[in-house]
Amino acid sequence: MVKTLVCSMVFICFFIPLAFADWNILKQKTYSGLKNYCESWRMNVELHNIRDFEVVPEECTDYIGEYVRSTQYKVDSERATEECLVYLSNSCNLKKDGKDAWIFDIDDTLLSTIPYYKNNSYGGKKLNVTDLDDWMSKGKAPALEYSLQLFNDLKTRGIQIILISTRREYLRSVTIDNLLNVDYYGWAGLILRDPSNELVSVGKYKSDARKQLRKNGYRIWGIVGDQYSSFETPPSCTRGFKLPNPMYYVS
């Protein structure tokens with residue numbers, strides 16, 4: 001009897017860990033479980049815990065698509081831009097001498113690539129850079145509403161707006177036309193990648209651009225971008241503000 005009980009306990013102790021090891025939320029059939037997983041995945045992208053991903057998990061592409069088309073995405077963007085203005089009003093001692101500067105990324109910061117990613121499973125397909133460039137060359141990217149409001153507010157305060165993008169130099173003309181067509185105008189500089197720096201990381205490319213701006217006398221008060229690589233490398237600005245983007249990661 002005792003021997004049988006001991007054997008039973010050993011059997012249970014051996015198989016319970018195996019059962020838990022095999023447990024995976026993606027194997028659960030309840031919609032709430034999958035939705036919670038995908039929300040957690042999105043949140044950890046924004047927290048910069050999940051990095052260097054090439055594609056959105058297949059199970060989450062529908063969820064990510066719903067998010068970037070939702071009111072919540074707009075509210076998240078609105079809150080980020082509101083915080084820029086709170087910081088600017090309370091913490092920035094503007095000199096108003098033409099050297100106060102603010103940096104914006106372009107894609108998914110000023111212009112939206114959601115129409116492109118809609119046809120690419122909202123990040124569920126591995127990025128084809130040539131295909132994306134072809135889409136950009138059509139100049140049809142819409143403005144992001146709250147970014148446009150922030151852009152215009154900064155202009156009224158006499159801040160020099162400088163755009164630093166990983167778009168290639170040959171897209172300069174169409175990029176300018178696209179920005180103007182959706183009411184972005186009056187920036188002080190537009191920096192795009194040329195063949196000499198295409199092989200360096202995005203972080204280094206943008207860092208080098210900021211170094212040059214500082215050499216030119218600009219005081220960079222803030223940066224807005226949808227990727228951490230827009231502002232995490234030195235020299236840093238006073239503040240970096242990240243807009244939501246769970247569709248792709250650029251390092």
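Q: What does contact mean here, and which strands does helix α9 lie across?
A: Contact means heavy atoms within 4.5 Å. The model is predicted: local features need pLDDT of at least 70, side-chain atom pairs count only at pLDDT 80 or more, and totals for chains, interfaces and linings use all residues. Residues are numbered from 1 along each chain as its sequence is written, and side-chain values use heavy atoms, with hydrogens and water left out. Helix α9 (residues 202–215) lies across β1, β2, β3 and β4.

Q: At about what angle does helix α9 run to β2?
A: Axes are lines fitted to C-alpha atoms, for helices over the stretch in contact, and angles run from 0 to 180 degrees between N-to-C directions. Strand β2 covers 160–168, and α9 runs to β2 at about 150°.

Q: In what order do the strands of the open sheet stand?
A: Helices (H or I, at least four residues) and strands (E, at least two) are DSSP runs, numbered from the N terminus. Two strands pair if DSSP finds at least two bridges between them. The pairing is parallel, and the 5 strands stand in the order β3-β2-β1-β4-β5.

Q: Which strands are the edge strands?
A: An edge strand here pairs on one side only. The two are β3 (189–193) and β5 (239–242).

Q: Which residue in β4 is the bridge partner of I103?
A: Strands β1 (residues 100–104) and β4 (residues 219–225) run parallel and are joined by 5 bridges. The partner of I103 is I223.

Q: What percentage of the residues in the protein chain is buried?
A: Buried means under 20% relative accessible area (1.4 Å probe, protein chains only). Of the 251 residues in the protein chain, the buried share is 44%.

How values were computed. Buried means under 20% relative accessible area, exposed over 50%, partly exposed in between (1.4 Å probe, protein chains only).
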